Amino acid sequence: MNNLGLFVAGTLVTLLVTTSMALLFWGAVLDGRDEQARLDAERDNARQKDLRVVDAA
C-alpha cells in the first residue's frame, strides 16, 4: 500500500473512532441529565409525602 492509501485509511479509521466516541460521550451526558431529573422527582415526591397529614386509606 502506498503512502496516500495509508493516509486515507488512517483518516477514515480516525473519523470512525472519533464519531463513535462522540456518540458514547453524548449518550453519557444525556444519561446523566436523566439521572438528575429522576433524583429531583424522587426528592419532590418525598417532600409531598411529608406534607400530607392524612393518607388515603
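A residue is called partly exposed when its relative accessible area falls between the buried range, under 20%, and the exposed range, over 50%. With that scale in hand, arginine 38 is easy to place: its relative accessibility is 37%, so it counts as partly exposed. The structure described here is a predicted model, and the paragraphs below move from the whole chain to its individual residues.

The overall fold is quickly told, as the chain has 1 helix and 0 strands. Helix α1 covers residues 3-51, in a chain of 57 residues. Buried residues make up 0% of the chain. The accessible surface comes to about 5,400 Å², and carbon and sulfur atoms account for 66% of that surface.

Part of this surface is a nonpolar patch of about 540 Å². Its members are Leu4, Phe7, Val8, Leu12 and Leu15. One of them, phenylalanine 7, is found in helix α1. Phenylalanine 7 has a relative accessibility of 58% and therefore counts as exposed, because the exposed class begins over 50%.

Charged side chains give a second theme. In general, side chains of opposite charge can pair when their charged atoms come close. The structure holds 2 salt bridges, and each can be followed residue by residue.

One salt bridge links glutamate 42 with arginine 38. The closest N and O atoms of this pair are 2.5 Å apart, and the two side chains are also joined by a polar contact of 2.5 Å. Arginine 38 is found in helix α1. Glutamate 42 and arginine 38 are 4 residues apart in that helix, so about one helical turn separates them. Glutamate 42 has a relative accessible area of 42% and is partly exposed, and arginine 38, at 37%, is likewise described as partly exposed.

The other salt bridge joins arginine 43 to aspartate 40. Here the closest N and O atoms are 2.7 Å apart. Both residues lie in helix α1, with a spacing of 3 residues, or about one turn of the helix. Arginine 43 reaches 41% relative accessibility and counts as partly exposed. Aspartate 40, with a value of 27%, also counts as partly exposed, because 27% is neither under 20% nor over 50%.

Taken together, the model shows a chain with 1 helix, a nonpolar surface patch that includes Phe7, and 2 salt bridges.

Technical notes:
Residues numbered from 1 in each chain as written. Predicted model: local features only at pLDDT ≥ 70, side-chain atom pairs only at ≥ 80, totals over all residues. Heavy atoms only, no water. Patch = residues over 30% accessible without salt bridge, like charges linked within 9 Å, V, L, I, M, F, W, Y side chains within 5 Å. Areas by Shrake-Rupley, 256 points an atom, 1.4 Å probe, with all protein chains shown as cover. Salt bridge = Lys/Arg side-chain N within 4 Å of Asp/Glu carboxyl O. Helix = DSSP H or I, 4+ residues; strand = E, 2+ residues; numbered from the N terminus. Buried < 20%, exposed > 50% of the residue type's maximum accessible area, 1.4 Å probe, protein only. Polar contact = N/O pair within 3.5 Å; in protein donor to acceptor, adjacent residues only side chain to side chain.
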